[in-house]
Amino acid sequence: MTGTANIRELVTRNIRTSGIYIAFVLIVAFFAILTDGTLLSSTNVTNLILQYSYILILAIGMVIVIIAGHIDLSVGSVVALTGAVSAVLVIKHDVPWWGGVIAALIVGCLVGAWQGFWVAFVGIPAFITTLAGMLLFRGLTLLVLGNISLSPFPPVYTKIAQGFQNGLLGGQGFDVFTLVIFAIAVAGYAFSAIRGRRNRISYNQTVEAAPLFVLRLVAVAVVVMWLGWQLSNARGLPNVLILLAFLVIAYTLVTTRSVFGRHVYAIGGNLSAAMLSGVKVRWVNFGIMLNMGFLAGIAGVVFSSRSNTAQPAAGNMFELDAIAACFIGGAAVTGGVGRVTGAIVGGLIMAVMSNGMQLMGIDQSIQSVVKGLVLLLAVAFDVYNKRRAGAR
């Protein structure tokens with residue numbers, strides 16, 4: 001017989017997942033009050049998406065790395081290297097903008113394959129491999145750029161991260177196209193949620209009560225359409241948000257619906273059992289590192305497009321922001337647990353905190369202290385939940 005769950009059961013059933021969404025709402029509300037609503041203004045919401053998009057892209061790849069029980073300390077340097085390669089080709093050698101993008105992605109994949117070889121086939125821990133990579137690829141960035149910054153990129157290149165889709169369907173003071181896209185997203189989410197609920201009922205699994213289910217759909221629709229309205233009243237739909245949405249959907253499907261995704265969770269959850277089950281651990285680990293390099297290449301293109309320059313110091317500390325986003329978003333330190341959507345929410349929490357403190361004029365040193373404490377508390381929360389589960 002199918003059961004229904006109330007609010008308390010829904011929250012406690014997976015406190016790691018539900019807690020991150022509650023924390024996100026509270027943090028947004030907290031900084032919205034302290035900034036007198038500036039945090040949620042149309043212009044600031046748009047800027048927040050543009051400024052932290054590359055961290056969110058890195059977090060998508062990093063959470064897969066962490067789920068498998070690894071870590072990648074080199075992504076910041078890879079962002080710098082891929083941006084540098086693109087800049088040299090586009091700015092110095094007049095290669096078309098798309099040629100620079102393809103070159104950056106190829107370099108990212110080569111970096112991922114290089115590190116995947118050492119991790120998967122030689123057996124060097126990812127921590128050591130990527131620590132060496134952090135130094136190696138930073139040095140290569142200096143060599144590629146000749147220790148100087150390169151700028152500016154052609155306008156068409158900068159539109160990758162700075163451009164908007166606006167005015168395609170008209171609108172008086174707001175962009176209709178943006179609202180239509182967000183409405184389609186809401187409809188897609190509702191369809192997926194309804195189908196998922198029906199499938200769980202057909203398998204006699206516990207589902208939330210109908211009023212709570214409807215309330216969830218309405219809450220998601222309100223939040224999404226509010227975001228769409230804010231963007232439509234600013235500059236329209238950012239190109240980088242379209243890219244980010246595509247990546248989130250694609251990698252959510254990869255991690256939840258594909259054989260590769262199940263193998264990643266199996267390796268992180270119990271390596272010995274995964275090997276005995278016939279999982280090709282070496283090739284999966286190789287694919288994980290290859291994918292991380294590919295996404296770092298995308299982030300390198302986005303960051304160089306956003307900043308309109310390639311610098312030797314680009315990507316500094318990006319790896320720590322991406323790792324923090326994953327752990328705050330519910331990934332387990334020991335592997336086997338984590339979600340792409342959770343990493344995105346964790347990244348948004350970091351973005352809102354940074355942006356909110358900047359709007360309040362808080363010193364950079366204090367901002368680092370606050371973000372460090374939040375990361376520590378997130379990991380402590382994960383450890384506490386595991387101990388409580390083990391005590392049952």
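This is a selection-by-selection tour of a predicted model.

**Stop 1: R138**

Start with R138. The residue sits in helix α6, which spans residues 126-145. Is R138 buried or exposed? R138 is buried, and it has no salt bridge. Now select E319, the nearest side chain of opposite charge, and check the gap: 5.6 Å. A salt bridge needs a side-chain nitrogen of Lys or Arg within 4 Å of a carboxyl oxygen, so this pair does not count as one.

Next, show the surroundings of R138. Leaving aside residues up to four places away in sequence, R138 touches G76, S77, A80, G133, P312, A313, A314, G315 and N316. Keep A80 and A314 selected for the next stop.

**Stop 2: the cavity**

How many cavities of 30 Å³ or more does the structure hold? The structure holds one. The space in the largest cavity is about 60 Å³. To find its walls, select V79, A80, G83, A84, L145, G300, F303, S304, T309, A310, Q311 and A314. Two elements give two or more residues each to this lining: α4 (75-92) and α13 (281-307). Helix α4 has the largest share, with four residues. Colour the lining by class and you get seven nonpolar residues, five polar ones and no charged ones.

A80 and A314 belong to this lining, and R138 touches both of them.

**Stop 3: helix α14**

Go back to E319 and widen the selection to α14, residues 318-328. The helix is mostly covered, with nine of its 11 residues buried. Which residues of α14 are buried? They are F318, E319, A322, I323, A324, A325, C326, F327 and I328. E319, the nearest opposite charge to R138, is thus on the buried list. Step just past the end of α14 to G330, where phi is positive, about 105 degrees.

**Stop 4: the second largest pocket**

Stay with α14 and open up the second largest pocket. The space here is about 540 Å³. Select M317, D321, M350, S354 and K371: of the 23 lining residues, these are the closest to the pocket centre. Which elements supply at least two lining residues each? They are α3 (42-67), α14, α15 (340-359) and α16 (364-391). The largest share, six residues, comes from α16. By class, the lining divides into 12 nonpolar, nine polar and two charged residues.

**Stop 5: G196**

Move to helix α8, residues 176-202, and pick G196. Why does G196 count as buried? Its relative accessibility is 18%, and the cut-off for buried is under 20%. Add V207 and draw a line between the two C-alpha atoms. G196 and V207 are 11 residues apart along the chain, and the line reads 9.8 Å.

**Stop 6: backbone oddities**

Most residues other than glycine have a negative phi, and most peptide bonds are trans. Three spots are worth a look here.

- Select S151 and P152. The peptide bond from S151 to P152 is cis, with omega near -5 degrees. P152 lies in the loop between α6 and α7 (155-162).
- Select D36, in the loop between α2 (15-34) and α3. Its phi is positive, near 55 degrees. D36 is exposed, with a relative accessible area of 72%.
- Select D94, in the loop between α4 and α5 (97-122). Phi of D94 is also positive, near 55 degrees. D94 is exposed, with a relative accessible area of 65%.

Note on methods
Residues are numbered from 1 along each chain as its sequence is written. This is a predicted model: local features need pLDDT of at least 70, side-chain atom pairs count only at pLDDT 80 or more; totals for chains, interfaces and linings use all residues. Side-chain values use heavy atoms; hydrogens and water are left out. Buried means under 20% relative accessible area, exposed over 50%, partly exposed in between (1.4 Å probe, protein chains only). Lys and Arg count as positive and Asp and Glu as negative; His and the chain ends are not counted. Contact means heavy atoms within 4.5 Å. On a 1 Å grid over the protein atoms alone, a cavity is a set of points where a 1.4 Å probe fits but cannot get out, and a pocket is an open set with protein on both sides within 12 Å along at least five of seven lines; lining residues have an atom within 4 Å of a point. Grid points are joined across faces, edges and corners, and a volume is the space filled by probe spheres set on the points. Ala, Val, Leu, Ile, Met, Phe, Trp, Tyr, Cys and Pro count as nonpolar, Asp, Glu, Lys and Arg as charged, and the others, Gly among them, as polar.
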